[in-house]
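Notebook open, coffee poured. I want to go through this fold piece by piece and jot down what I look up.

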Amino acid sequence: AVDGCASDSARAHAQSLFRALMTGKEPAVARTAARALVGSSPGGVAALAAGTGKEAHSLARLALAQFALEDGRPLEAIQHLDWSIITGMDRDVVAQVGLIEAAYATSAPVAADPAAAGHDDDDERRFISPPDMEAARNALGLPASAELERVQPAELTVADFAARYFRAGRPVVIAGAASNWPALQRWADLAYFVRVCGHRVVPVEIGSTKAGRSWREQGMSVGDFVAQHLLPSSAADRDPAKRPLAPELVAYCAQHPLFEQVRALEQDFSAPAYCGASREGVQLVNAWLGTRETTTPLHFDSYDNCLVQAVGHKLVRLYARAQTPKLYAGSRTVAGVPVAEGDAAVAVGAQGNVSPVDPEAPDLEAYPLFALAEGQWCLLAPGDLLFIPAGCWHYVRSLSTSCSVNFWF
């Protein structure tokens, strides 16, 4: 914790906190040092992504959680532990949160998020509108010849999937493969997230990569995320006059292991049987919960991926590994936006798995070879499953308020 701090003052606070916790004789010193360490990370999750002060910040959050419990504030304790989870997803910390929530299950502060308590039960914005897929298809105007193959689950056993797509490295949409998930109904009501986990803190990307350098990442409660971002997005889904969203309203809890953090949500879905095509099985499950107009830059992953759409709809554009020379991988920009030295995006791009090209609005003067790239596209409706082979380039844009789950296997 001390060695990871970026300043002398932070190192001194970390040393003071550790000594006070170990001796148990200076509670006031411990509280002061812990608050100072949390305050020394004003950038929230974004500042911690580079590793600066991560261990000290986590130690401080654990201490503050202990102090909050001692003072009879279980909700605050859980939120401090969430910050520690966000920086490391320690399973022991997850277990502690579960114990606290179980012990205080009847406590009003834990049962409801004060920030979201003012939500009107009659507010239609809480319900995410079912997507009009035909209208979306017509609006995009993409060539039918490049649309990705769609199959029905009744026509595709796991053995067939393994032979025709998994081992061949061919992407495919399995329409309605998750149509029996309870999540399709439960998650379409934003109040459900508030009831189940409105008090929990999650990392949220705010802003649009297409809007320049306004993008940032911060931690916020799920209740605040719903109130400040998802409800306005749901309103824009219904009313074209409210589109596009202002950049500061665009927000994404992206690639976050939410279901490890909030175990209650695991009952709403199950891993697709198709993940059984791999001997290793599912390795990691991520949530993608966000507003309309969120994008994931063109990239590839080292895992095979089943991406399941639960709520809303998304556009995905895909390019085979053979197209890599035309995608300018490893450039020092992401989605066309230059990134500074030390940015996390540079480190990712340097691995060669992120392209700077925006497939929907490519800058062909900067990236002329992209004009020769051959790709496919698909639309994902609730219940659809998209298989993305390892190494397959893909770009994703949310066409509405949306929630997806991906399974790396």
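My entries follow, from the overall counts down to single residues.

**Ground rules.** I'm working on a predicted model, where local features need pLDDT of at least 70 and side-chain atom pairs count only at pLDDT 80 or more, while totals for chains, interfaces and linings use all residues. Numbering starts from 1 along each chain as its sequence is written, and side-chain values use heavy atoms, with hydrogens and water left out.

**Overview.** I counted secondary structure first: 14 helices and 15 strands. These are DSSP runs numbered from the N terminus, H or I of at least four residues for helices and E of at least two for strands. Then burial: 51% of the 409 residues are buried. Buried here is under 20% relative accessible area, exposed is over 50%, and partly exposed is in between, with a 1.4 Å probe and protein chains only. For contacts (heavy atoms within 4.5 Å) I took those with a separation of 6 or more, and 77% of them come from residues 24 or more positions apart.

**Cores.** Which residues touch the most other members of the largest nonpolar core? I get Phe-161, Trp-181, Trp-187 and Leu-265, in a core of 51 residues. A core is a set of buried Ala, Val, Leu, Ile, Met, Phe, Trp, Tyr and Cys residues joined through side-chain atoms within 4.5 Å. There is a second, separate core of 15 residues, with Cys-5, Ala-20, Ala-33 and Ala-34 among them. Note to self: in soluble globular proteins, nonpolar side chains tend to be buried together.

I also pulled the contacts of Trp-187, skipping neighbours within four places in sequence. The list includes Phe-259, Leu-265, Asp-268, Phe-269, Cys-403 and Val-405.

**The four-stranded sheet.** I traced an open sheet of 4 strands in the order E7-E14-E9-E12, with antiparallel pairing. Two strands pair if DSSP finds at least two bridges between them. E7 (295-299) and E12 (375-380) are the edge strands with a single partner each, so one side of each has no neighbour in the sheet. On average, neighbouring strands are turned by 15 degrees against each other, direction ignored. For angles, axes are lines fitted to C-alpha atoms, for helices over the stretch in contact, and values run from 0 to 180 degrees between N-to-C directions.

Bridges next. E9 (residues 314-319) and E14 (residues 393-398) are joined by 6, E9 and E12 pair over 6, and E7 is joined to E14 by 3. Between E9 and E14, Lys-314 stands opposite Ser-398 and Leu-318 opposite His-394. Val-316 has Val-396 as its bridge partner in E14 and Cys-378 in E12. Val-396 is also the bridge partner of Thr-296.

How many residues of E9 are buried? It's 6 of the 6, so E9 is largely enclosed by the rest of the structure. Lys-314, Val-316 and Leu-318 point one way, and Leu-315, Arg-317 and Tyr-319 the other way. That fits the textbook: in a regular strand the side chains alternate between the two faces of the sheet. E14 has 5 of its 6 residues buried, so E14 is largely enclosed too.

**Helix H8.** H8 (residues 133-140) lies across E9, E12 and E14, and runs at about 150 degrees to E12.

**Holes.** On a 1 Å grid over the protein atoms alone, a cavity is a set of points where a 1.4 Å probe fits but cannot get out; a pocket is an open set with protein on both sides within 12 Å along at least five of seven lines; lining residues have an atom within 4 Å of a point. Points are joined across faces, edges and corners, and a volume is the space filled by probe spheres set on them.

I found 4 cavities of 30 Å³ or more; the largest holds about 110 Å³. Its lining includes Trp-288, Thr-296, Lys-314, His-394 and Val-396. E7, E8 (305-311) and E14 each supply at least two lining residues.

The second largest pocket has a volume of about 370 Å³. Of its 17 lining residues, Ala-136, Arg-243, Arg-292, His-313 and Leu-399 are the closest to its centre. H8 gives the most to this lining, with 4 residues.
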